[in-house]
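Here's a walk through the model on screen, from its strands to its metal site. Keep the viewer open and follow along.

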Amino acid sequence: MALDTSKMAPVSRRDLLVGTAATGLAATTTGLMTSTASAEAPFVKTQAPYFYRFNIGKFEATVVSDGPLPLGDPTKTFIPTKGENITGLLEKHFLPTDNVVLEQNILVVNTGSKLVIFDTGMGDSDIFGPTTGKLKSNLKAAGIDPAQIDAVVVSHAHPDHLWGLMTADGSSNFPNAQIFISQVDYDFWTADAQLNGEGFVKLNAENTVKQLKPNMEKITFLKGGEEFLPGIQAIATPGHTPGHMSFMITSDGETFCNLADISHHYVLLFEKPWTEFAYDTDAKAAVASRTKMLDMLATDKIPFVSFHFPWPGIGYAGRHGADGKGFHYHPKPMKLAI
Ligand SMILES: [Zn+2]
């Protein structure tokens, strides 16, 4: 039924404000405020569960969060290559300019025969503060038992994707799972050159060894283009790390892409995909992989999940900018009735 506005008296914003004040005054003077106000109810201080369920054809998929990851000053991590104004872009999108906070959207797919998790979150590490490492509690909330997981697919060997494989005391968080990772990433991040490196590179290499070496007999190396599990294909998207992988998931005629870390930000590395990211091993190669993947997703209108996008990180890529060389992120509306 359409609203018949012809019968409504015109209301200005000022009328509304005056009306609110008058109502408040009337309530106070008659004592209603004290007898019926509900302000004394305690604040609930809880949030909606941090998982989101949807379908990919006949597969059941769930995005489960490892918690927000504060990355700090955006001008230190996002590097302009064509004079982009990082602060200006954030302001234009009503985003804070002092601290960029990324989500960690971990995809779980139940194919009906295999329960597959893509990436493992930060685990017991607190290098990015106390808000990460929430995967286990959120899996529990989502009704997913880590012991039932058949496959852990690691998109690349970085802290927020790999370090939740093992606990700090060396036991496995996914004891019955086969582990999939590209050999290129395994070789790179366990090599002496990185182990003897500095700063983040050294720290990441040491922890990659800790996470993967005890699991050698469980590891299968991924190859680009290979369908390594039924309906799940690996796509080599090098640059962020040398062996970074994205994934195409297909069931019953539907295709869905798990981008992993093709783009860390839905504005900065989407509208201006040529912008570089400080944690990229080879930023130029990352830009090339990003542009190629987003171009394909935009052309073929394929929905995707992006690991670091605003929760739950599911949407589409559209063309953006006068020359169409940028992309616009269109979040897919969440469906909370299944
Ligand atoms: Zn990441």
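## Strands, cores and a zinc site

Let's start with one bridge: Ile249 has Phe256 in S14 as its partner. That pair belongs to strand S13 (residues 245-251) and strand S14 (residues 254-260), which run antiparallel and share 5 bridges. Bear in mind throughout that this is a predicted model.

Zoom out and you'll find S13 and S14 inside an open sheet of 7 strands, ordered S11-S12-S13-S14-S16-S17-S18, with mixed pairing. Strand S11 (227-229) and strand S18 (326-331) are the edges, each pairing on one side only. From one strand to the next, the twist averages 40°. As general background, sheet strands pair through backbone hydrogen bonds, in either the parallel or the antiparallel sense.

At the S11 edge, S11 meets strand S12 (residues 232-236) in an antiparallel pairing with 2 bridges, and Leu229 is matched with Ile232 there. The two strands make a hairpin with 2 residues between them, and Gly231 in the turn has a positive phi of about 85°. S12 then carries on to S13, again antiparallel, through 5 bridges; here Gln233 sits opposite Met248.

There's another hairpin to look at earlier in the chain. S1 pairs antiparallel with strand S2 (residues 59-65) over 6 bridges, and Phe54 stands opposite Ala61. This hairpin also has 2 residues between its strands, with Gly57 at a positive phi near 55°. Which residues of strand S1 (residues 51-56) are on the covered face, and which on the uncovered one? Tyr52, Phe54 and Ile56 are on the covered face, while Phe51, Arg53 and Asn55 are on the uncovered one. That fits the general rule that side chains in a regular strand alternate between the two faces of the sheet.

Here are the antiparallel pairings side by side:

| Strand pair | Bridges |
|---|---|
| S1 and S2 | 6 bridges |
| S11 and S12 | 2 bridges |
| S12 and S13 | 5 bridges |
| S13 and S14 | 5 bridges |

Now for the packing. The largest nonpolar core has 28 residues, and Ile117, Leu139, Ile144, Ile149, Val152, Leu165 and Phe174 touch the most other members. Several elements each supply at least two of its residues, among them strand S6 (105-110), helix H5 (135-141) and helix H9 (199-212). Take Leu139 as a sample: leaving out residues up to four places away in sequence, it touches Val64, Val108, Ile117, Ile144, Pro146 and Phe174. Apart from this core lies another, of 24 residues, including Ala61, Val153, Leu229 and Met245. In general, nonpolar side chains of soluble globular proteins tend to be buried together.

For the overall tally, the protein chain has 10 helices and 18 strands. Of its 338 residues, 46% count as buried. Among contacts with a separation of 6 or more, 68% are between residues 24 or more positions apart.

Next, the metal. Which residues coordinate the zinc ion? Asp160 (OD), His161 (NE2), Asp261 (OD) and His308 (NE2) do, at 2.1 Å. The angles subtended by the 4 donor atoms run from 85 to 168°, so the arrangement is irregular. Along the chain, the donors follow the spacing D-H-x99-D-x46-H. His161 is in helix H6 (residues 159-162) and His308 is in the loop between strand S16 (304-306) and strand S17 (314-320), so this pair ties together parts 147 residues apart in sequence. His161 counts as buried because its relative accessibility is 0%, and His308 is buried too, at 4%.

That S16-S17 loop also holds Pro312, and the peptide bond from Trp311 to Pro312 is cis, with omega near -5°.

Finally, two backbone angles deserve a glance. Phe94, a residue other than glycine, has a positive phi near 60°; Ala260, also not a glycine, has a positive phi near 55°. Are these residues buried or exposed? Phe94 is exposed, at a relative accessible area of 79%, and lies in the loop between helix H4 (86-92) and strand S5 (101-102). Ala260 is buried, at 1% relative accessibility, and belongs to strand S14. As a general yardstick, most residues other than glycine have a negative phi, and most peptide bonds are trans.

Note on methods: Residues are numbered from 1 along each chain as its sequence is written. This is a predicted model: local features need pLDDT of at least 70, side-chain atom pairs count only at pLDDT 80 or more; totals for chains, interfaces and linings use all residues. Side-chain values use heavy atoms; hydrogens and water are left out. Donors are N, O and S atoms within 2.8 Å of the metal (3.2 Å for Na, K and Ca); water is not among the atoms, so sites may look incomplete. Four donors count as tetrahedral if all angles lie between 85 and 135 degrees; four count as square planar and six as octahedral if opposite donors are over 155 degrees apart and all others between 65 and 115; anything else is irregular. Helices (H or I, at least four residues) and strands (E, at least two) are DSSP runs, numbered from the N terminus. Buried means under 20% relative accessible area, exposed over 50%, partly exposed in between (1.4 Å probe, protein chains only). Two strands pair if DSSP finds at least two bridges between them. Axes are lines fitted to C-alpha atoms, for helices over the stretch in contact, and angles run from 0 to 180 degrees between N-to-C directions. A nonpolar core is a set of buried Ala, Val, Leu, Ile, Met, Phe, Trp, Tyr and Cys residues joined through side-chain atoms within 4.5 Å. Contact means heavy atoms within 4.5 Å.
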